[in-house]
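Me: I am new to this structure. Can you show me how to read its features, one at a time?
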Amino acid sequence: MEALTASQRETVRRILTRMRDRPGPLLEILHGIQDHLGFVPGAAVPLIAAELNLSRAEVHGVVTFYHHFRHTPPGRHIVQICRAESCQSMGAEGLAEHAMRRLGVEFQETTADGAFSLHPVYCLGNCACSPAVMIDGELYGRVTPARLDELLAQREPSK
Amino acid sequence: MTTVYVPRDAGALSLGAEAVARAIARGADSRSQALRMVRNGSRGLYFLEPLVEVDSPGGREAYGPVSAADVPGLLDAGLLEDRPAGTGGPAAKHPLALGRTEDLPYLKSQQRLTFARVGITDPTSVEDYVAHGGYRGLERALSLDPAAIVQAVTDSGLRGRGGAAFPTGIKWKTVHDQAADRKYVTCNADEGDSGTFSDRMLMEGDPLVLIEGMTIAAVAVGATQGYIYLRAEYPHAHRTLIEAITAAYGAGYLGSSVRGSGKRFDLEVRLGAGAYICGEETSMLESLEGRRGEVRVRPPLPAVKGLFGRPTIVNNVVSLSTVPVILERGAEFYRDFGMGKSRGTLPIQLGGNLRRGGLVERAFGLTLTELLYDYGGGSASGRPLRAVQVGGPLGAYIPASQFDTPVDYEALSGIGALLGHGGIVAFDDTVDMARMARYAMEFCAIESCGKCTPCRIGSTRGVEIVDRILKGIEPGANIALLEELCETMVQGSLCGLGGMAPFPVQSALKHFPEDFRRARQ
Ligand SMILES: Cc1cc2nc3c(=O)[nH]c(=O)nc-3n(C[C@H](O)[C@H](O)[C@H](O)COP(=O)(O)O)c2cc1C
Ligand code: SF4
Ligand code: FES
């Protein structure tokens, strides 16, 4: 497990101090850490456990239970493609295959140049405009493979 | 000065509403035309989004679907010019002009009670909310005895819209009757069911109605703290809710003395973290407490021993947002909508392969055919519709031969289906039902909380069995095995995920056996 950098450690400490006294704070803390660092580093677990009086195993158990929390640094952009039924009915499978081909990665992977992480998502609440995609928290509807290419190119013009 | 409405709803934004808003602001500026822009919710007519509206003496005019590139033309046609009373605006002849919004057939025929303000008001303005009838339900509630509030909700016939359809008033009564040092009102805004988006639309389009509903619940049962458990996939709703909560505090509708009543109610949003099971109410409570979202064994009920061990209301966004109109207009008014044991209105969400996807709020009782064709306009692809899935990923598939079924709790359960959160996903005749069955099992395997073996292991076995069927390996024996596995999961699972994930599989086997008898490459 990689040690935290000084600035990562400082960030984790700051979040812990701010949130530890809230009721049921662990998820809030993990969100805070991921929002700032992009992922929840394994080396943050002992710090959190000590602060909240939990065992490391308990904290680890929570981090790994939730799909949202990442264990490694993500790419510069996070691309989520909806795989759920409504989007499937409008070609989401083909769109996902296109994305994997174009980026040269599978779901849950990051491109070698660190530009894009590709993730599946199970409904974005945009089922009236399927297929749906979310990139860095921006939602897109009726996304064709060509439109996806455009959206990716807007973010990394060199690719 | 003309008022223009451009939605901030995530679905509208997903189709370019932000660029449209910017183009209108820029265009007006360069023409030195004054305008007031309201970023409203969506009317729910997603086939017309981005839907731009303009105030006019005769009622709002609608234009759509508008792209940023259309904006200069619309401005040239006079979109922002003053409208003489009684006439359509000067842009009324533009090809994107749709006439008065209220007259759009898709909207005109609806009965919007819960969604009364969605798409109409500025979502985070308390002033606008009150001007459109908001907070009258709370005013009424504050004048009543708490038990009378609970009674009104019971009498309205409202059943939980999150999926389990449990009578809301009865749940509230249990919490009301508990003696405790603290009680909670929690809103289940996990909206994990695919094909559903009514919670999202409400939270983005009229978050104050949810806040009002939760406040009424708190007053009714004596709770002082509320939490909205929101799925992490909804960042737009997150921002809107926080803005609206801040505004409600600012106007004295939340805090230490709600409207000077001396009753405290504090409200906070908590984010989920991408786990479908956290929509199950006890798993949601575990998650709110900061733990793994593992389902709790009942009893005790959350209403008796819920969040942090205290009596807790858990209700869906739509259920809570329906409470204000019940208090405002009375239980009878609400109960008079609907049929049989399905009282009131239901916000139905039309998604998937339809020409006109969107939100339809009507009294219970419309048939699938009416919804899919009269509203939905048939398939988007132009091919025949073959199946719909109602009620999310755990809902049954219904074949076209049963499209005459009314969409209410009893009629759907009569054909072995369920209403769930009211989402309808349509598929055309290119759908491969064996693959959909495989997906149902795969989804269960991904999302299982891991507590029971039939759900955790069974779902993975289910995927393997369907894979063999897809390859044409001993289809007869494998179909029998799959049926048996479904039965084991239904019988041996603690909660609805493992217990209902077999429903889409069983219904696919029953209604579309031909798809399981054909080997794929
Ligand atoms: C697997 C599973 C997932 C669920 N997901 C949700 C959900 O996302 N939103 C929701 O409101 N209810 C969901 N429910 C239903 C809740 O357990 C609970 O019945 C509901 O929140 C109660 O609120 P209501 O009575 O207002 O419907 C789910 C149930 C199960 C078994
Ligand atoms: S059925 Fe599945 S999700 Fe539900 S409690 Fe059991 S293992 Fe958890
Ligand atoms: S199923 Fe893809 S957005 Fe809902």
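Reply: Start with a definition. A disulfide is a pair of cysteine sulfur atoms within 2.5 Å. Keep in mind that this model is predicted.

Me: How many disulfides does the structure hold over all chains?

Reply: Zero, over all chains. A disulfide is a covalent bond between the sulfur atoms of two cysteines. Take B:Cys278 as a case. The closest cysteine sulfur to its own is in B:Cys449, 9.0 Å away, which is too far for a bond.

Me: Is B:Cys278 buried or exposed?

Reply: Look at relative accessible area; under 20% counts as buried. B:Cys278 has 0%, so it is buried. In chain A, A:Cys123 is buried as well, because its relative accessibility is 2%.

Me: Now a whole element. Why is helix H13 of chain B called largely enclosed?

Reply: Count its buried residues. H13(B) spans residues 317–329, and 11 of those 13 residues are buried, so the rest of the structure largely encloses the helix. Among the buried ones are B:Val317, B:Leu320, B:Val323, B:Pro324 and B:Leu327. Polar side chains are there too: B:Ser319, B:Ser321 and B:Thr322 are also buried.

Me: Does a helix like this have one face? I mean, which residues point the same way?

Reply: An α-helix has 3.6 residues a turn, so residues three or four places apart point the same way.

Me: What caps the N-terminal end of H13(B)?

Reply: B:Asn316 does. One of its side-chain oxygens lies 2.8 Å from the backbone nitrogen of B:Val318. After the helix comes B:Gly330, with a positive phi near 100°.

Me: On to the two chains. How many residues does each give to the contact?

Reply: Chain A gives 37 residues and chain B gives 60. Three residues of chain A stand out: A:Phe65, A:Glu85 and A:Tyr122 supply 19% of the area that chain A buries against chain B, more than any other three. The area buried between the chains is about 3600 Å², and carbon and sulfur atoms give 58% of that.

Me: How many salt bridges are there between chain A and chain B?

Reply: Three. One pairs B:Glu442 with A:Arg83, where the closest N and O atoms are 3.1 Å apart. Polar contacts across this interface come to 24 residue pairs.

Me: Which elements of chain A give two or more residues to the side that touches chain B?

Reply: Helices H2 (26–37), H4 (56–65) and H5 (85–88), plus strand S5 (138–140). The residues on that side of chain A divide into 19 nonpolar, 13 polar and five charged.

Definitions and conventions: Residues are numbered from 1 along each chain as its sequence is written. Chains are lettered from A and ligands numbered from 1 in the order in which they are written. This is a predicted model: local features need pLDDT of at least 70, side-chain atom pairs count only at pLDDT 80 or more; totals for chains, interfaces and linings use all residues. Side-chain values use heavy atoms; hydrogens and water are left out. Contact means heavy atoms within 4.5 Å. Buried area is the accessible area (1.4 Å probe) that two parts lose on being put together, summed over both. A salt bridge is a side-chain nitrogen of Lys or Arg within 4 Å of a carboxyl oxygen of Asp or Glu. A polar contact is a pair of N or O atoms within 3.5 Å; within protein, one must be able to donate a hydrogen and the other to accept it, and residues adjacent in sequence count only if both atoms are side-chain atoms. Helices (H or I, at least four residues) and strands (E, at least two) are DSSP runs, numbered from the N terminus. Buried means under 20% relative accessible area, exposed over 50%, partly exposed in between (1.4 Å probe, protein chains only).
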